[in-house]
Amino acid sequence: MITDVLMFWFLALVVLGSGLAVILFTNPVYSALSLVMAMVGVAAVFVTLGAYFIAGVQLIVYAGAVMVLFVMVLMLFDLKRETHSFAAGKISGALKLISVGLFAGLVVGGIVMSQGYFVKENEKSLGAASATQSVNTVAGSQTNLNVVNTDNTKVLGTVLFSKHVFGFEALGVLLTVIAVGTVALARSKGGTHAKH
Amino acid sequence: MGNDAFEITINLIKLVAVFLLIVQAVPILVWVERRGSAFIQNRFGPNRVGPLGLLQLLADAVKFLTKEDFAPDKAIKPLFYAAPVFALIPAALAFAAIPLSVPLEIGGYVFRIQGYEMNVGIVFILGVSGLAAYTILMAGWGSGSKFSLLGALRASAQVISYELALGLSIVGVIMMYGTFNLTEMITAQQGAMKFHAFGYEITSRFLPNWGIFYQPLAAILFFAASFAESNRLPFDLAEGEAEIVAGFHTEYGGFKMLMFFIGEYGHMILGSSLMIVFFFGGYGLPGITVDEVRSWAAGVTDGAAGASVLTTLIHFLSFTVKLVLFLWIFIWVRWTLPRFRYDQLMDLGWRTMLPWALGNTILTALVIYFTSVLI
Amino acid sequence: MQSTNFLTEVGLNHYLILSALLFVTGMTGVLLKRNIIVMLMSIELMLNAVNISFVAFSKYLNNVDGQIMVFFVMTIAAAEAAVGLAIAVTIFKRFKEINIKFFEHLRG
């Protein structure tokens, strides 16, 4: 139990720290590498939530493919001499920071206020869970984890290909469009494969 | 991790042991590679230090450790020094998820001969080994040399291209076994060939129940893609000596270079182990189930603990023999085939292997659906 | 409201607050940075933050739909990154810099 708590705080620190590093580094390559760190941290957070398959997919898709693309493009550009990494206007910058801060305060405040509601929901589902599965576990949350999350890959697949099948098909169409669009962009004027 | 202090300690020691297994295998592999290449090319190879040149490794290690530790002037120091350290991590982490033998049962404790047990083992291994691309990119960009950068760009483009073929080629395998768990896969491959189709049970006494007989195309694609993933010949465009000196590790020398070496051999070991687990029955003996071995061991030794130890040892030996065979194939191919051209490499990855892997996936799905094949 | 066990008992709120803070970090990046690639990376950060809350809700409300949504978000993120990077490469080829101010030339 105590290891779970320690794990959460450690991961929260890693994720938020590397998230901040993404926007604070002036060298974009360092930003990208910190973002990789954040992605791996988020995958670990998924593991603490019991979503093992999602964590693996997060590693493969984000850390393994998307971020490699980012890092490759950055290294291709070789932007070591970049000096103006932040927006110029001081007043507009301050305004943006203030609005972001306000937004953060609102969201966190909302979450904290709504605590009672979510806890009630949680307990309700927990009751249902322990009714269906009478596993002798220490705490209720662990029962919950057993029902939904451990080895839920088959459940995930069933739900994805039955309940959400239209969304899935739409994603397929989207990916095709994206692939065509990206190739068209890359071959257009000024692109890497421009026709002169 | 475990229930009491003893179990936790053993499990931690096990993790270190799995890591050391990779590191310790590297000098032996280097020796085999040098002697084997000499054998293939009709040369002698290292044969001066010690019997058969075996102590050459020790001499090399001393040389690597005592070399001057330098960084190029234009290098970006943090990345330059971090890259070799990170080179070890992906292969070692992924290898720790592979079951090496039957669990050991001693006095109420059960120790898995595996770094850690995972239900989504395959997804985890693919994800972690995908992180290897960053090491290469960090090394290439951090060196501040154009040869390193070119090598790194080539290598990472190659790794992410072949990851697709690698991932897709094992989808058919996952569908056949119906699980992501490596131990369950190995259990499914025990004994003589036996499967259900159209409601009948089909058996063959001569063939083991191995994945290669159900998914031959996937096996070929997976093996080729794992060559590309570990940047070995014929896919070692990243280090094409004739074009870009030594690729991403041009600027590295001494022990830092050695760590890249360990990483590369780690990927070789990982690729071979996955090949064994998916297609060649894992730690199982061909045609013989674990239970048969266990009952034989119980007859030979006295006491449950002794039988368990003997069973574990036999299966570990079986895994090792298979691993050595595959590693030898890796070395054999390296000294037999020439290097691809870069456009041929991309062509092979995207226009040959990817469609074949997709076709294999669809075919497997159709066959499973219409004949209701069950292993 | 928050009792003393805030540090020792991790629940849904902890994950939600983590997600909110990460989202805000990404938002700051999008608003303040001028390098288009770093802005794209900040967007990825925001999407990841949303994924954390999806998975957290999925666990605490005992419903796998949240995890399905994570799949969708990941696919969209990958697609967005591909197009964004293609545009960035095109811009870089023409202006030798990837500052956001060059994006006003995008028409035609």
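**Entry 1: L323(B)**

I began with the contacts of L323(B): apart from neighbours within four places in sequence, this residue touches I269(B), S272(B), S273(B) and I276(B). I take contact to mean heavy atoms within 4.5 Å. I placed L323(B) in helix α14 of chain B. For the element names I rely on DSSP runs numbered from the N terminus, with helices being H or I of at least four residues and strands being E of at least two. The relative accessibility of L323(B) is 13%, so I entered the residue as buried. My cut-offs are under 20% relative accessible area for buried, over 50% for exposed, and partly exposed in between, with a 1.4 Å probe and protein chains only. I also looked up the C-alpha separation between L323(B) and S272(B), which is 6.1 Å for residues 51 apart along the chain.

**Entry 2: basis of the values**

I note that this is a predicted model, in which local features need pLDDT of at least 70 and side-chain atom pairs count only at pLDDT 80 or more, while totals for chains, interfaces and linings use all residues. Residues are numbered from 1 along each chain as its sequence is written, chains are lettered from A and ligands numbered from 1 in the order in which they are written, and side-chain values use heavy atoms, with hydrogens and water left out.

**Entry 3: confidence in chain B**

I looked up pLDDT, the predictor's confidence in each residue on a scale from 0 to 100. Chain B averages 82, and 97% of the residues score at least 70. By element of chain B, I found the lowest mean pLDDT, 68, in helix α11 (residues 241-244) and the highest, 88, in helix α10 (residues 216-229). I keep in mind that where pLDDT is low, the predicted coordinates should not be read in detail.

**Entry 4: α10(B) against α12(B)**

I then examined how α10(B) packs with helix α12 (residues 254-279) of chain B: the angle is about 170° and the axes are 10 Å apart. The axes are lines fitted to C-alpha atoms, for helices over the stretch in contact, and the angles run from 0 to 180 degrees between N-to-C directions. I therefore recorded α10(B) and α12(B) as roughly antiparallel to each other. From α10(B), the contact is made by A218(B), A219(B), F222(B), F223(B) and S226(B). From α12(B), G271(B), L274(B), M275(B), F278(B) and F279(B) take part. The classes I used are roughly parallel under 35 degrees, roughly antiparallel over 145, roughly perpendicular from 65 to 115, and oblique for the rest.

**Entry 5: the faces of α13(B)**

In helix α13 (residues 290-300) of chain B, I found V290(B), V293(B) and A297(B) buried. Viewed down the axis of α13(B), the buried residues fall within an arc of 65°, so they line one face of the helix. The arc is that of the directions from the helix axis to the C-beta atoms. I recall that an α-helix has 3.6 residues a turn, so residues three or four places apart point the same way. On the face of α13(B) turned away from the buried side, I listed the exposed residues D291(B), S295(B) and G299(B). The cover over the buried residues of α13(B) includes β1 (101-106) and α14 (304-334) of chain B.

**Entry 6: S148(B)**

I located S148(B) in helix α6 (residues 146-169) of chain B. Its relative accessibility is 0%, so S148(B) counts as buried. Leaving aside neighbours within four places in sequence, I found S148(B) in contact with G140(B), S143(B), G247(B), F248(B), T250(B) and E251(B).

**Entry 7: two asparagines with positive phi**

I recall that most residues other than glycine have a negative phi. N42(B), which is not a glycine, has a positive phi of about 60°. I found N42(B) in the loop between α1 (5-40) and α2 (56-66) of chain B, and entered this residue as exposed at a relative accessible area of 73%.

N62(C), likewise not a glycine, has a positive phi of about 60°. I placed N62(C) in the loop between α2 (36-60) and α3 (65-95) of chain C. At 22% relative accessibility, N62(C) is partly exposed.

**Entry 8: chains A and C**

For chain A, I counted eight helices and zero strands. Of its 196 residues, 39% are buried. Chain A exposes about 10500 Å², with 73% supplied by carbon and sulfur atoms. I note that accessible areas come from the Shrake-Rupley method with a 1.4 Å probe, and that for residues only the protein chains shown count as cover. Among the contacts in chain A with a separation of 6 or more, 38% join residues 24 or more positions apart.

For chain C, I counted three helices and zero strands. Buried residues make up 62% of the 108 residues in chain C. The accessible surface of chain C is about 4100 Å², of which carbon and sulfur atoms hold 66%. In chain C, residues 24 or more positions apart account for 53% of the contacts with a separation of 6 or more.
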